[in-house]
Amino acid sequence: MLSISSKKTIYTYLQQGKLNPINKDGWHIEGRYEFDIEDVVRLQEELKKPGLTTKEVAQQLDISVTTVNKYIKQELLPAFQEEYRGFNCYFVNEEDLDAFKRTHEVGRKPSKRHFYHVEQNIALFQLFVKKDEIKEQFARIISVEDPNYGCYRTT
């Protein structure tokens with residue numbers, strides 16, 4: 001229910017008083033702790049994320065986490081800091097992210113070096129090498145005159 005993969009975390013919650021087993025004194029008889037469902041649900045609510053993490057924002061905007069942090073520091077993207085699972089993290093509200101998406105054009109921009117036009121099956125701005133028996137010739141493709149005939153202009 002708590003999506004915890006380590007027993008150590010459960011023991012930490014026991015030490016911190018966040019979880020109290022109902023069989024605290026007799027756990028050694030069965031070899032395990034048992035918890036009241038209400039306590040587990042209460043802790044589950046406490047452990048919920050208060051918003052979107054910077055990683056989740058980065059995935060939605062198709063940018064890096066570093067860029068998200070830059071937008072937060074520049075106060076372009078409203079965020080707040082809060083402790084979450086032992087770490088102090090930035091969080092963004094869904095509404096603030098939606099407003100940011102409406103007012104800012106973001107996302108990964110295609111690299112000129114690796115630009116590829118899928119519909120015409122043409123790669124632009126990539127190194128062009130022509131090998132013949134005498135020498136190799138290098139060029140960069142900068143424009144396509146007629147994709148049907150494979151004509152191109154190089155520099």
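Guide: Two strands pair if DSSP finds at least two bridges between them. Helices (H or I, at least four residues) and strands (E, at least two) are DSSP runs, numbered from the N terminus. This is a predicted model: local features need pLDDT of at least 70, side-chain atom pairs count only at pLDDT 80 or more, and totals for chains, interfaces and linings use all residues. Residues are numbered from 1 along each chain as its sequence is written, and side-chain values use heavy atoms, with hydrogens and water left out.

Visitor: How do you know that strand 2 and strand 3 are joined?

Guide: Five bridges join them, and they run antiparallel. The rule asks for at least two, so they pair. One bridge links Glu83 to Asn88 in strand 3. The two strands form a hairpin with two residues between them. Arg85, in the turn, has a positive phi of about 50°.

Visitor: What joins strand 1 to strand 3?

Guide: Two bridges, with the strands antiparallel. The threshold is at least two, so this counts as a pair. Leu52 has Val92 of strand 3 as its bridge partner.

Visitor: What is the order of the three strands in the open sheet?

Guide: The order is 1-3-2, with antiparallel pairing. Strand 1 (52–53) and strand 2 (80–84) are at the edges. Each has a single partner strand, so one side of each lacks a neighbour in the sheet.

Visitor: Why is Thr53 called buried or exposed?

Guide: Buried means under 20% relative accessible area, exposed over 50%, partly exposed in between (1.4 Å probe, protein chains only). Thr53 has 18% relative accessibility, so it counts as buried. It is found in strand 1. Thr53 touches Tyr90 and Phe91 (heavy atoms within 4.5 Å), not counting residues up to four places away in sequence.

Visitor: What makes up the largest nonpolar core?

Guide: Such a core is a set of buried Ala, Val, Leu, Ile, Met, Phe, Trp, Tyr and Cys residues joined through side-chain atoms within 4.5 Å. The largest has 12 residues, among them Leu52, Ile63, Tyr71, Val92 and Phe100. Helix 4 (54–61), helix 5 (65–73) and helix 6 (94–103) each supply at least two of its residues. A second, separate core of seven residues includes Leu14, Leu19, Val40 and Leu47.

Visitor: Why is Val106 classed as buried, exposed or partly exposed?

Guide: Its relative accessible area is 25%, so Val106 is partly exposed. Val106 lies in the loop between helix 6 and strand 4 (116–117). Beyond four places in sequence, its contacts are Leu61, Ile63, Tyr71 and Phe100. The C-alpha atoms of Val106 and Ile63 are separated by 7.5 Å, though the residues are 43 apart along the chain.

Visitor: How do you know that Glu56 and Lys49 form a salt bridge?

Guide: The definition needs a side-chain nitrogen of Lys or Arg within 4 Å of a carboxyl oxygen of Asp or Glu. The closest N and O atoms of Glu56 and Lys49 are 2.3 Å apart, so the pair qualifies. Glu56 is partly exposed at 24%, and Lys49 is partly exposed at 35%.

Visitor: What makes Arg42 and Asp39 a salt bridge?

Guide: Their side chains meet at 3.8 Å, N to O. That is within the cut-off, so it counts. Both lie in helix 3, three residues apart, about one turn of the helix. Asp39, Arg42 and Glu46 are linked in a network of salt bridges.

Visitor: How many salt bridges does a search of the whole structure find?

Guide: Five. One of the structure's salt bridges joins Glu34 and Arg32 at 3.7 Å, N to O.
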